[in-house]
Amino acid sequence: MGLIAHQLEYAGIPTVSISTARDITSAARTPRASFLDFPLGHTTGKTNDFSLAHSIVSQSLTLLERTTGIALEDLPHRWSETDNWKDDVFPAGGPRKIDEQDVIDDRLERWEEPQYQSEGDIEAAIRTHQGKECLICSGVDY
Amino acid sequence: METIRKPPINYIERITATYSALGYEPYEWYFAKEDPKLAAISKPLSESRLGVIATGGIYKIGQVAFTYKDDVTYRAIPSDASSDDLRATHFAYDLTDAREDINVVFPIEALQEIQNEGLVKELAPSFFTCMGGIYSQRLVNEELAPALVQRCLDDEIDVVLLIPV
């Protein structure tokens with residue numbers, strides 16, 4: 001995302017990012033970013049918590065008016081009472097140092113076909129494109 | 001009870017070690033060599049049109065889903081879309097919560113409210129979504145990023161909120 005941010009800025013469009021990976025955002029010298037110390041997959045909060053998402057998004061947006069240069073600001077929100085969830089995230093290379101044979105492959109296979117959330121979505125996509133009513137897709141050559 | 005804070009996770013170190021142990025090709029992390037040129041803020045947020053780019057693999061029902069292998073296409077999601085019509089697909093993060101409530105990676109409801117409140121003047125007609133974890137920096141630099149920049153210029157977007165996963 002750092003690459004996209006830099007190209008937008010170069011084209012004259014200011015950006016602000018929300019990050020849950022402080023080191024990746026910092027390495028990319030992301031222009032303006034707020035850091036939310038939550039697990040990956042929760043960049044804008046927790047399930048069914050509208051006010052949390054609203055707080056994260058609005059605080060991040062105001063960075064545009066509060067900073068003039070590169071900025072990485074920590075948001076105050078906490079995922080849980082303790083930070084123990086961090087011990088189990090990619091534990092290889094973490095503080096607990098696990099054995100190489102215990103490293104688990106939890107990524108999904110790199111399928112080259114579209115990966116739908118549900119069967120119904122496949123049918124919906126076929127309907128949209130057969131009916132030539134595809135005003136909502138773009139960036140894809142059908 | 002005393003709550004102990006642990007420092008932010010060093011993902012680059014941990015993921016590099018994990019991939020190495022699993023025998024994966026190393027991921028090409030993006031280390032910027034110098035500070036980027038920053039665009040100037042030309043007007044207050046309250047007078048700005050806000051765009052959004054999110055990398056969580058989000059699509060709307062009726063759209064073709066993303067693939068899991070260096071997919072550098074994007075989708076345009078109408079900014080007045082309902083949460084119930086949005087889906088998430090990705091190989092690199094746990095989708096459980098995103099599939100229960102898309103707002104954890106794509107805060108469409110908060111954004112619509114922010115427009116109603118006047119924090120921004122308006123939302124762009126479409127928000128853009130793509131995949132993250134793309135191995136090829138060249139493909140992102142030469143295909144995905146320029147396409148997204150052009151769309152943002154065409155849609156006269158003033159500022160962009162970026163939401164990586």
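This passage looks at how chain A and chain B fit together, with most attention on one helix of chain A.

The model is predicted, so local features are given at pLDDT of at least 70 and side-chain atom pairs at pLDDT 80 or more, while totals for chains, interfaces and linings use all residues. Residues are numbered from 1 along each chain as its sequence is written, and chains are lettered from A and ligands numbered from 1 in the order in which they are written.

Chain B comes with four helices and seven strands (DSSP runs numbered from the N terminus, with H or I over at least four residues for a helix and E over at least two for a strand). Read from the N terminus, its elements go α-β-β-β-β-α-α-β-β-α-β. The C-alpha atoms of chain B sit in a box of roughly 50 × 45 × 40 Å along the principal axes. Of the 165 residues in chain B, 45% are buried (20 or more other C-beta atoms within 10 Å of a residue's own, these atoms being placed from the backbone).

Where the two chains meet, chain B puts in 87 residues and chain A puts in 80, counting residues as in contact if their C-beta atoms, placed from the backbone, lie within 7 Å. On the chain B side, 56 of these residues are nonpolar, 14 polar and 17 charged (Ala, Val, Leu, Ile, Met, Phe, Trp, Tyr, Cys and Pro are nonpolar; Asp, Glu, Lys and Arg are charged; the others, Gly among them, are polar).

One part of this meeting is a helix pair. Helix α1 of chain A (residues 2-10) and helix α4 of chain B (residues 137-154) have axes that come within 9 Å and cross at roughly 45 degrees; the axes are lines fitted to C-alpha atoms over the stretch in contact, with angles from 0 to 180 degrees between N-to-C directions. α1(A) and α4(B) are therefore oblique to each other (neither under 35, nor over 145, nor 65 to 115 degrees). From α1(A), the contact uses L3(A), I4(A), Q7(A) and L8(A), and the residues from α4(B) include V140(B), L148(B) and C152(B). This helix contact has nine nonpolar, three polar and no charged residues.

What makes α1(A) largely enclosed by the rest of the structure? Seven of its nine residues are buried, so the rest of the structure largely encloses α1(A). Among the buried ones are I4(A), H6(A) and E9(A). The buried residues of α1(A) pack against β1 of chain A, and also against β1 (49-54), α4 and β7 of chain B. Just after α1(A), G12(A) has a positive phi of about 95 degrees.

Methods
Buried ≥ 20, exposed ≤ 12 C-beta atoms within 10 Å, placed from the backbone.
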